[in-house]
Amino acid sequence: MPFDPSYHGQSVSRVKSLARQMAPPSATNFTAEVVPLAPEDPLFGLMRAYRADQDPKKVDLGIGAYRDDNAKPWVLPVVKKADETLRNDPELNHEYAPIAGIASFTSKAAELILGGVDSPAIKEKRVTSVQTISGTGAVHLGALFLARFYTGSKKVYISDPTWANHNQIFSNVGIPIAQYPYFSKETKGLDFEGMKAALHGAPEGSIILLHACAHNPTGVDPTMEQWKEIAELLRVKKHFPFFDTAYQGFASGDLMRDNAAVRYFVDQGFELVVAQSFAKNFGLYGERAGCFHVVTAPAPDAESTIGRIASQLAILQRSEISNPPLYGARIASIVLNDPKLFAEWEENLRTMSGRIITMRKALRAKLEELGTPGTWNHITDQIGMFSFTGLTEPQVLKIRSDFHIYMTKNGRISMAGLNTKNVEYVAKAIDQIVRGG
């Protein structure tokens, strides 16, 4: 019988079909080809490695959370008082918050960042505020709103470097990302000319993400005069400012100094958004208290415009989290609405920022005393939680292996991890590493 290719092909097909029917069903739709294993978050991986290290001299300079001089978390005294007030409230319940959050919190949060009831945005009723899941949730809600409704150039320009989560948040909502130069490796300060050139070259109407104060991760902020130049450049190019503020009051100890850039932009009539976190300045890291603010430009119909924006933010919030959490916002609200507690909070802020500034001075002094190669004035020139040391990745890995000092690979250190008991040890370790030891 002659060979029949078609019959052979049919036989093979039937065998394959039978094999598929007899094979056990796939255990998952999400195979490794479809859902590959994601890399561990670098910062949380660093935390895990630090906790596993048994060396008694280990130092954590990675995590962005305040520590006291004994390297312990510090619950602000004013937060303890607010918590006691909250627990003793006979009317306290656990009902849902409104979709936009607790009004006594969001209204005071707006006053805090915009400069009080005399802010033109507040007086003219052209601001709306939504309580969020800390600053991360505020950035996300802002990115989602702009992805849905912004009619300008849908590309966001972020500083190089920036907080790593900025990249992921905007990418997740489909907004393309570009970078503008920010940190100068030569001066360990602001690359202001590079920044301006990039913003000038960006397509008209681009979204520009700006750190209001205490830039993360560099600790480098523009001067007020530089902020004014940035504002003028953004006005000429019709760019849209997106402020991220996580360190108001924590950076300098002065709430008004730390919101000066935002206030200036509002005074200049910009339409803008602000993502605001209360994690650092209240020590409410795990309570996730934040706020997202939209300020529309001055116009006869500004109040109507902000009403429409508020309605759409409520729909986005409802589909994302329905209602924000209560505890952290209640604590902040109690403090923000009580003049006596507010004054105590300001004192707590000065305590935290003051200790950070003291540690900056101590680290710089020790390095200069040791004659460590290079210049170290940038340690005290920078501000806020973090400092860019200038250490390279190989140096960072070596200081971790040899001295059990943990920092991110880009050489960023959390100044809050330093204290009077370890600053000399850290300085000597940096000195030896920089010398090639």
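## Salt bridges

In this predicted model, a search of the whole structure finds 17 salt bridges. Side chains of opposite charge can pair when their charged atoms come close. One of the bridges joins the side chains of D69 and K421, at 3.4 Å from N to O. The two partners come from distant parts of the chain, 352 residues apart: D69 sits in the loop between β1 (59–60) and α3 (77–87), and K421 in the loop between β13 (412–414) and α18 (423–434). D69 has a relative accessible area of 25% and is therefore partly exposed, while K421, at 59%, counts as exposed.

Another long-range pair is E344 with K81, whose closest N and O atoms are 2.9 Å apart. Here helix α15 provides E344 and helix α3 provides K81, with the two positions 263 residues apart. K81 is partly exposed, its relative accessible area being 42%.

Within helix α18, the side chains of E424 and K428 form a salt bridge with an N to O distance of 3.2 Å. These two residues are about one helical turn apart, because they are four residues apart in the helix. Both are partly exposed: E424 has 39% relative accessibility and K428 has 44%. Through shared salt-bridge partners, D69, R355 and K421 form one network.

## Overall architecture

The protein contains 18 helices and 13 strands. Its C-alpha trace spans about 100 × 65 × 55 Å along the principal axes. Of the 437 residues, 50% count as buried.

## Pocket and cavity

The second largest pocket holds about 480 Å³ of space. Its lining consists of 29 residues, with D221, P222, R257, D381 and I383 nearest the centre. By class, the lining has twelve nonpolar, ten polar and seven charged residues. At least two lining residues come from each of α9 (224–237), α10 (255–258), α11 (260–267), α15 (339–370) and α16 (378–381).

One cavity of 30 Å³ or more is found in the whole structure. The largest cavity has a volume of about 30 Å³, and the residues lining it are Y180, Y182, M195, L210, H211, H215, P222 and W227. Six of the lining residues are nonpolar and two are polar, with no charged residues. P222 appears in the cavity lining and is also among the residues nearest the centre of the second largest pocket.

## Nonpolar surface patch

F30, V34 and V35 make up a nonpolar patch on the surface, with a combined accessible area of about 320 Å². V35 belongs to the loop between α1 (5–22) and α2 (42–52). Its relative accessibility is 45%, so V35 counts as partly exposed.

Methods:
Residues numbered from 1 in each chain as written. Predicted model: local features only at pLDDT ≥ 70, side-chain atom pairs only at ≥ 80, totals over all residues. Heavy atoms only, no water. 1 Å grid on protein atoms, 1.4 Å probe; cavity = no way out; pocket = protein on both sides within 12 Å on 5 of 7 lines; lining within 4 Å. Points joined across faces, edges and corners; volume = space filled by probe spheres on them. Nonpolar A, V, L, I, M, F, W, Y, C, P; charged D, E, K, R; others polar. Patch = residues over 30% accessible without salt bridge, like charges linked within 9 Å, V, L, I, M, F, W, Y side chains within 5 Å. Areas by Shrake-Rupley, 256 points an atom, 1.4 Å probe, with all protein chains shown as cover. Salt bridge = Lys/Arg side-chain N within 4 Å of Asp/Glu carboxyl O. Buried < 20%, exposed > 50% of the residue type's maximum accessible area, 1.4 Å probe, protein only.
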